Amino acid sequence: MEKKPCIDSLVVKNSHVLPTDTNNHGTLFGGQLMAYIDDVAAIAATRHARATVVTASTDSVDFLYPVNAGDAICLEAFVTWTRNTSMEVFVKAVKEELLTGKRAVCATAFITMVAVDDNNTPQEVPTAYPETDEENWLHSGAAARAQHRKERRGVSKEFANRFGTDFPWKRD
């Protein structure tokens, strides 16, 4: 399978933050930003694999700066690393105060996407390779992040098994 440079999957999305996108504090809903992050990650992963993709995990999303109504939000995403059927996608969100031009990185995230066929069976993806210093830096830490995700998934499964599907008010 052909190898592809990270930059070939680059996605850039800009949106104007409107009052309907904001909470009672006048700032962008965290869930809306997370939806934007998942959207651009899916586009980047699909562009890289040229296949249908599903979200396997989202690393923590830290909201570093508020995004206010009237600001613009710009998200950049690209595949940083691949492993058989999965892709790590780095997403950076930058807010811009449109009237002043002041910008700040308001969030970063790593999303793991898996390529699937028509039967939702994972399928192999091309290897991604870095070219720039930033891409190399992200790529060099990817295996460790993947191991951390694997361990975290085990803990999540433990929580799921421990707490089960019963409603919290149902007692035996």
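1. A quick word on terms before the notes: a residue is called buried under 20% relative accessible area, exposed over 50%, and partly exposed in between. Q32 is a handy case, because its relative accessible area of 26% puts it in the partly exposed class. This residue sits in helix α1. Its C-alpha lies 7.1 Å from that of D21, and the two are 11 residues apart in sequence. Bear in mind throughout that we are looking at a predicted model.

2. Now the overall layout. The protein chain has three helices and seven strands, and reading along the sequence gives β-β-α-β-β-β-β-β-α-α. The C-alpha trace spans about 55 × 45 × 30 Å along its principal axes. Of the 172 residues, 39% count as buried. The accessible surface comes to about 10,600 Å², with 52% of that belonging to carbon and sulfur atoms. As for contacts, take those with a sequence separation of 6 or more: 72% of them are between residues 24 or more positions apart.

3. On to helix α1, residues 30-49. It has 20 residues and reaches 28 Å from first C-alpha to last, close to the 28 Å expected at 1.5 Å a residue. Its buried residues are L33, Y36, I37, V40, A41, A44, A45, H48 and A49. Right after the helix comes R50, and its phi is positive, near 50 degrees.

4. The aromatics deserve a look. How many aromatic pairs does a search of the whole structure find? It turns up three. In one of them, F78 and F90 have ring centres 6.1 Å apart and planes at 65 degrees; over 60 degrees counts as edge-to-face, so that is what this pair is. The pair ties together distant parts of the chain, with F78 in strand β4 (residues 72-83) and F90 in strand β5 (residues 86-96), 12 residues apart. F78 counts as buried because its relative accessibility is 14%, and F90 is buried too, at 15%.

5. F90 has another partner. The rings of F90 and F110 have centres 5.3 Å apart and planes at 50 degrees, so I'd call this pair tilted. Again distant parts of the chain are linked: F90 is in strand β5 and F110 in strand β6 (residues 103-116), 20 residues apart. Both F90 and F110 are buried. Taken together, ring pairs link F78, F90 and F110 into a cluster.

6. What lies over the face of F110? That would be R145, at 4.1 Å from the ring centre.

7. Helix α3 runs over residues 142-163. Its 22 residues reach 31 Å from first C-alpha to last, close to the 32 Å expected at 1.5 Å a residue. A142, A146 and R149 are buried in this helix. Seen down the axis, the buried residues of α3 fall within an arc of 50 degrees, so they line one face of the helix. The face turned away from that buried side carries the exposed residues A144, E158, F159, N161 and R162.

8. Which elements do the buried residues of α3 pack against? They pack against β3 (52-58), β4, β5, β6 and α2 (133-140). The strands that hold the ring cluster turn up here again: F78 is in β4 and F90 in β5, while F110 is in β6. After α3 comes G164, with a positive phi near 60 degrees.

9. Last, some backbone angles to check. Most residues other than glycine have a negative phi. N84 has a positive one, near 55 degrees. Where is N84? It is in the loop between β4 and β5. Is this residue buried or exposed? N84 counts as exposed because its relative accessibility is 60%.

10. N120 also needs checking, with its positive phi near 60 degrees in a residue other than glycine. It is found in the loop between β6 and β7 (128-129). At 57% relative accessibility, N120 counts as exposed.

Methods. Residues numbered from 1 in each chain as written. Predicted model: local features only at pLDDT ≥ 70, side-chain atom pairs only at ≥ 80, totals over all residues. Heavy atoms only, no water. Phe/Tyr/Trp six-rings, centres within 6.5 Å; stacked < 30°, edge-to-face > 60°. Helix = DSSP H or I, 4+ residues; strand = E, 2+ residues; numbered from the N terminus. Buried < 20%, exposed > 50% of the residue type's maximum accessible area, 1.4 Å probe, protein only. Lys NZ or Arg CZ within 6 Å of the ring centre and 35° of its normal. Expected span 1.5 Å × (residues − 1). Arc of directions from axis to C-beta. Contact = heavy atoms within 4.5 Å. Areas by Shrake-Rupley, 256 points an atom, 1.4 Å probe, with all protein chains shown as cover.
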